[in-house]
Amino acid sequence: MNPLFNDLFIFEMANNHQGDVNHGLAIIREMGKIKRKYNINAAVKFQYRQLDTFIHPDYRNNTEAKHISRFLSTELSLDDYYTMVKATREEGLVTICTPFDEESVDIILKHGIEIIKVASASADDWPLLQKIAKAGKPIIASTGGLLMPQIDNLVSFLRHRTVDFAVLHCVGIYPSPDDVLHLNFLEKIIRRYPDVTIGYSGHEAPDNTDVAKIAIAKGAKILERHVGLPTDTIKLNNYSMNPEQVDQWIAATLQAKVICGNNEKSVTQAEIDSLLSLKRGVFAKRALKSGQEITADDVFFAMPCQPGQLTSGEFGRYRAKWKASKDYKVNEGVFETNPPDLYTQIRGIIHQAKGLFTEAGVVLGDNYEVELSHHYGLENFATTGCLIVNIINREYCKKLIVVLPGQSHPSHKHKKKEETFQLLYGDLKAQLEDRQYTLKPGDQLLVERETWHSFSSEKGAIFEEISTTHFRNDSFYEDERIAALDPMQRKTVLEEF
C-alpha cells in the first residue's frame with residue numbers, strides 16, 4: 001500500500017475557487033494551517049477539464065444542462081492552476097487532481113501532481129481509465145453509483161495494470177442524507193480487497209462529524225470532503241465545509257482514531273490493577289503445611305485479592321495440582337505460582353489456532369487430523385513449532401499449517417515429497433536455502449525435494465500445503481538435536497480439535 005494513502009485527509013476544492021486564483025490560494029493557505037495544526041497527512045485536490053472539448057459546442061450556451069454554466073463561470077487558465085499546485089506544495093500538502101478527459105491527464109503529468117483521482121462519474125469511463133493507468137501515478141478511485149460487480153471490474157482493471165491504487169466508498173448525492181450512506185459497506189470492501197487501501201468520500205452536511213467518526217471505526221484510511229472559503233459575496237454550497245468546519249472535522253476524526261486504536265488489544269498495568277481489585281483471591285480455609293497438595297476443600301474465595309495472590313480463576317482453570325510452598329494459617333492469602341499443566345498448554349494452543357481459523361474465515365469441515373509439531377518440547381511451542389491439520393494424504397496431500405504469532409519452524413528438507421505453500425491468511429516469511437521470501441495472502445511458494453526450508457510469522461499465519469504423498473520419516477532437520485528425535489517425540493496428535 002502506498003504510504004501517500006496512509007491516514008490521508010483530502011480537501012476537495014472542486015470549483016470552490018470560484019474561478020479566482022487568489023481565492024483558490026486563500027483556500028489552500030487555510031488548509032495548510034489546519035494541516036500544520038494537527039500534523040496530518042493531507043492533500044488539496046483540484047479538478048481539470050479542458051472545456052473546449054469537454055463540453056459539446058452546441059451546449060456551451062445551454063443554461064438548462066446541469067453543471068455546464070458552473071464549469072464555464074469558474075474556468076481558470078492552466079497557469080492559474082499551476083500557481084495553485086505550487087502553493088499547495090509550499091504549504092506542505094500533497095497534490096491530487098481529478099482529470100475528466102484524456103488531455104487533462106497529460107497536464108497533470110506536466111504539473112507534477114502526485115496522485116490522480118478518479119471521480120465516481122468516471123469510474124466506468126474506460127478510455128479515460130486507460131489513459132490514467134498509463135500515467136503511472138498512484139490512483140484514488142471513488143465508487144459512487146457503482147454496484148459491487150462494477151467495483152470488482154474497476155479493482156480488477158487497476159490490479160492488472162499494477163498501479164498503486166486506493167478505493168473510496170462514496171454516495172453521489174449532494175448533500176447525502178444519513179439513510180443512503182451505508183457505511184457498513186466499508187467493512188465488506190475491506191474484507192473483499194484486503195490488499196487495497198479503502199477510504200470514504202463524504203458529501204453529508206458540512207457540520208456533520210458523526211459520519212466521519214463512524215467511517216474511521218469501520219476501517220476507512222482515507223477521508224475526503226469538499227472545502228471552501230465563504231466571503232461577503234461567496235456562499236458555499238450545502239455539502240462544502242468552511243475552515244472552521246474542517247477544523248472540527250479533523251479534530252473529531254483524530255479523536256475517533258484514538259478511541260478505535262488498532263486491531264491488537266493491549267492491556268495496561270493500570271487495567272490489571274483495576275480488575276485485580278475486583279477479583280476474588282484464594283484464602284486458606286484451614287491451616288496448610290509446606291508441600292501439602294491444595295484442594296478445593298482447603299480454600300475459599302473472597303476479595304480483596306492482593307498482587308501476586310492466587311486468584312479463583314487461576315485455581316479453577318488449571319488441572320495442575322497446587323502445592324503449598326510454605327505453611328499457611330487459616331484465612332491467610334495463598335500466594336503460589338505452580339506452572340500450568342500440559343493439558344492447559346495444549347488447550348491454549350487449540351483455542352488460539354481455532355481463533356485464527358475463525359478470523360481468517362477458513363472452515364475445516366469434519367474429516368481431518370490435527371498434530372502439534374514441537375521440535376524443542378511442548379513447553380517451547382510458543383516460539384518453535386506449528387499446528388498441522390492433515391486433510392488428505394493419497395498420491396497427493398493437502399494440509400493446513402497454522403503458525404502462531406512469533407512462532408518459527410526450524411530448517412528441514414524432504415527427500416520424497418515436493419510441496420507448494422499458498423498463504424491464506426496473515427504474514428509468512430520463508431527461507432529456501434539462502435533465499436528469503438516474504439509472502440502475502442494468495443502468494444505461492446514451491447519447495448522442491450532436497451531443499452532446506454524454514455518459515456516464521458510475526459502476527460500469525462495460515463497457509464495451505466499441497467504436496468505429493470507425505471511420509472512420516474521424510475523430514476530431515478539441520479539441527480542435530482531435532483534430527484536425533486523419533487518423529488513421535490516431536491509431535492503430539494490430537495484426537496479432537
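Helix H4 covers residues 78-90, and its 13 residues reach 18 Å from first C-alpha to last, close to the 18 Å expected at 1.5 Å a residue. Keep in mind as you look around that this is a predicted model. From H4, the tour below moves to the nonpolar cores, then to an open sheet and a domain named in UniProt, and ends with some backbone details.

**Helix H4 and its surroundings**

- Tyr81, Met84, Val85, Ala87 and Thr88 are the buried residues of H4.
- Looking down the axis of H4, you will find these buried residues within an arc of 165 degrees, so they line one face of the helix.
- A general rule helps here: an α-helix has 3.6 residues a turn, so residues three or four places apart point the same way.
- Asp79 and Glu90, on the other side of H4, are exposed.
- The cover over the buried residues of H4 includes helix H1, strand S2 (41-48), strand S3 (94-99) and helix H5 (102-111).
- Gly92 comes just after H4 and takes a positive phi of about 80 degrees.

**The nonpolar cores**

- The largest nonpolar core has 67 residues, and Phe11 and Phe46 are the members that touch the most others in it.
- Helix H1 (residues 21-38) gives the most to this core, contributing seven residues.
- Leaving aside residues up to four places away in sequence, Phe11 touches a list of residues that includes Met31, Ile40, Val44, Leu93, Val227, Trp249 and Ile250.
- The contacts of Phe11 also include Lys45 and Arg225.
- There is a second, separate core of 19 residues, with Val370, Leu372, Leu400 and Leu404 among them.

**The open sheet and the annotated domain**

- The UniProt record, an unreviewed entry, places a "Cupin type-2" domain at residues 401-458.
- Over residues 401-458 the chain is 60% strand and 0% helix, and the C-alpha atoms at the two ends are 15 Å apart.
- An open sheet is formed by five strands with antiparallel pairing, in the order S20-S19-S22-S17-S24.
- Strands S20 (435-439) and S24 (476-477) stand at the edges with a single partner strand each, so one side of each has no neighbour in the sheet.
- Within the sheet, strand S17 (residues 408-413) and strand S22 (residues 453-456) run antiparallel and are joined by three bridges.
- To see this pairing up close, find Ser408, which stands opposite Ser456 in S22.

**Backbone details to look for**

- As background, most residues other than glycine have a negative phi, and most peptide bonds are trans.
- Tyr174 and Pro175 are joined by a cis peptide bond, with omega about -10 degrees.
- Pro175 sits in the loop between strand S6 (165-170) and helix H8 (185-192).
- His182 also has its place in the loop between S6 and H8.
- The phi of His182 is near 50 degrees, which is positive in a residue other than glycine.
- His182 is exposed, with a relative accessible area of 55%.
- Another cis peptide bond runs from Met303 to Pro304, with omega near 10 degrees.
- You can find Pro304 in the loop between strand S12 (299-302) and helix H12 (312-317).
- Gln18 is not a glycine, yet its phi is positive, at about 65 degrees.
- The loop that holds Gln18 lies between strand S1 (8-12) and H1.
- Gln18 is partly exposed, with a relative accessible area of 25%.

Notes. Residues numbered from 1 in each chain as written. Predicted model: local features only at pLDDT ≥ 70, side-chain atom pairs only at ≥ 80, totals over all residues. Heavy atoms only, no water. UniProt positions renumbered as here; feature names shortened; annotations may be inferred. Helix = DSSP H or I, 4+ residues; strand = E, 2+ residues; numbered from the N terminus. Core = buried A, V, L, I, M, F, W, Y, C linked by side-chain atoms within 4.5 Å. Buried < 20%, exposed > 50% of the residue type's maximum accessible area, 1.4 Å probe, protein only. Contact = heavy atoms within 4.5 Å. Expected span 1.5 Å × (residues − 1). Arc of directions from axis to C-beta. Pairing = 2+ DSSP bridges.
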